[in-house]
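Subject: Structure handover

Hello,

Here is the structure I said I would pass on. My notes on it follow below.

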Amino acid sequence: MVERNWAGNIEYGAAQFHEPTSVAEVQSVVAASAKVRAVGSRHSFNTIADTTGDQISLAALPRIVDIDAEAHTVTIDGGIRYGELATYLHEHGWALANLASLPHISVAGACATGTHGSGTGNGNLATAVRWMQLVAASGDLVELAPLDQDPELMNAMAVGLGAFGIVTLLTLAIEPTFAVSQRVYELIPMQTAIDRIDEIMADGYSVSLFTSWRTESIEQLWRKQRVSGDDEDDGASSPRFGGMPAIHDMHPIAELSAEPCTEQLGVAGPWHERLPHFRMGFTPSSGDELQSELFVARADAPGAMQTLVELGDELAPVLKVSEVRAVAADSLWLSPCYQRDCIAFHFTWIPSWVQVEPVLARVESALEPFAPRPHWGKLSTLSGSIIRSRFERMDAFEELVTEWDPAQKFRNAYLANVLG
């Protein structure tokens, strides 16, 4: 059986696919393999999880969710998804500070690729990592020093691209559970969005803009706000940044059904049922799409947005929707937001790389003055040398990878291109 990613645009080249049911089985596969990679929930759109050797899914590992209430942490297995973890945490009175748009993705995979949620005060999901255990190239089980003992090692390895080994346990920071309300506003004037982007992004706990870049307005503003108890927000009839509140639940692509989306209209609910855009119980789409994402410094957001507006007509034939989000700066070496507050421009494309590739190349070229960093799990046309130049700690990262994996057991073609 040929294994593919969720979108179907990548056919994995692994000689053998493994679904171990124990960590000991993972160790055995890694020890015996010449080339090996882990694959998570398959929501990467590029070949980061591909290999010519052995591919390992940890989805069948026994679930582990061990809450340490005193330390405000939870230790989890390497195969759990955010939707599973979040439900358990909330039922026991706890929460993660942030979530991505999809609760369907694996925690280990999301952290390894620097995947993020949204919010001017929220770092990417890997900033929650406090400790990890992994299977190294030898097959040995290695426990890293926790963050408070060796912060620089965790800064190097939290967004590790799968280059150090197969992550079997992660410890994440947690906090007491909280409620969130969500409301969508329609038709924010584009110039208002450009001129007031900092103010807009700071207007909620998590804020997203959805646009085609080819109209005079941002089509939708999604505002998620922490609230107390079951209180509803106060935005039922008040405009926000020139946009009016939607009168019914919305999908980011307005013509699609909002049924898979998390509840809106200001109705308060648990954090894990509002922070994602989509509900765990639904497949958010058919997978019939491609995705890219580029991060620029938040100070450069107005100029980058104006550039994308000027490309609107070129984007139109291949773009389904674009999302704009803020992500806080962090200290993780390969995070796209390393030492800079960022605006992330996400692009959901039609499922035709032949058509999308030249347009994406045009976008990346036009944004070059802002030195955008790409998302590690999504599509980009940037060369490995350009990507390396935009991550200041890449040389140190490569040295550490070589120390951990001198035989390059975990290095695939994707990493060879990025690391050089």
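Which residues of helix α7 (residues 301–310) are buried? Please keep in mind that this is a predicted model. The buried residues of α7 are Ala301, Ala304, Met305, Thr307 and Leu308. Looking down the helix axis, these buried residues fall within an arc of 155°, so they line one face of α7. They pack against several elements, namely α5 (190–195), α6 (197–201), β16 (290–297), α8 (312–315), β18 (342–349) and α9 (353–366).

Next, the nonpolar cores. In general, nonpolar side chains in soluble globular proteins tend to be buried together. The largest nonpolar core here has 71 residues, and Trp271, Trp376 and Phe397 have the most contacts inside it. Helix α11 (residues 394–404) gives the largest share of this core, with 5 residues. A second core, separate from that one, has 42 residues, including Val207, Trp213, Phe241 and Leu360. As for tryptophan 376, its contacts, leaving out residues up to four places away in sequence, include Asn46, Ile48, Thr113, Val159, Leu161 and Leu334. Also among them are Ile387, Phe391, Met394, Tyr414 and Val418.

Now the strands. One open sheet is formed by 3 strands in the order β1-β3-β2, with parallel pairing. Its edge strands, β1 (16–18) and β2 (36–39), each pair on one side only. From one strand to the next, the twist averages 25°. Strand β2 is joined to β3 (residues 54–57) by 4 bridges, and the two run parallel. Valine 36 has aspartate 54 in β3 as its bridge partner.

Strands β4 and β5 form a hairpin with 4 residues between them. Histidine 72, in the turn, has a positive phi of about 60°. The two strands pair in the antiparallel sense over 4 bridges, and aspartate 68 stands opposite threonine 73 in β5. Strand β5 also has a partner in β9 (residues 166–173): 5 bridges join them, and they run antiparallel. In that pairing, aspartate 77 stands opposite leucine 169.

How many residues of β5 (residues 73–77) are buried? The count is 5 of the 5, so the strand is largely enclosed by the rest of the structure. Both of its faces are covered, with Thr73, Thr75 and Asp77 buried on one side and Val74 and Ile76 buried on the other. In a regular strand, side chains alternate between the two faces of the sheet.

Isoleucine 67 lies in β4 (residues 65–68). At 24% relative accessibility, isoleucine 67 counts as partly exposed, because the cut-off for buried is under 20%. Leaving out residues up to four places away in sequence, isoleucine 67 touches Thr73, Val74, Tyr88, Leu89, His92, Trp94 and Ile174. One of these, histidine 92, is 25 residues away along the chain, and the C-alpha atoms of the two are separated by 8.9 Å.

Last, the cysteines. A disulfide is a covalent bond between the sulfur atoms of two cysteines. A search of the whole structure finds 0 disulfides. Why is there no bond between cysteine 342 and cysteine 337? The sulfur of cysteine 342 has its closest cysteine sulfur in cysteine 337, at 3.3 Å, which is too far for a bond because the two atoms would have to be within 2.5 Å. For cysteine 111, the closest cysteine sulfur is also in cysteine 337, but at 14 Å, again too far for a bond. Cysteine 342 counts as buried at 0% relative accessibility, and cysteine 111 counts as buried at 2%.

Regards

Terms used:
Residues are numbered from 1 along each chain as its sequence is written. This is a predicted model: local features need pLDDT of at least 70, side-chain atom pairs count only at pLDDT 80 or more; totals for chains, interfaces and linings use all residues. Side-chain values use heavy atoms; hydrogens and water are left out. Buried means under 20% relative accessible area, exposed over 50%, partly exposed in between (1.4 Å probe, protein chains only). Contact means heavy atoms within 4.5 Å. A nonpolar core is a set of buried Ala, Val, Leu, Ile, Met, Phe, Trp, Tyr and Cys residues joined through side-chain atoms within 4.5 Å. Two strands pair if DSSP finds at least two bridges between them. Axes are lines fitted to C-alpha atoms, for helices over the stretch in contact, and angles run from 0 to 180 degrees between N-to-C directions. The arc is that of the directions from the helix axis to the C-beta atoms.
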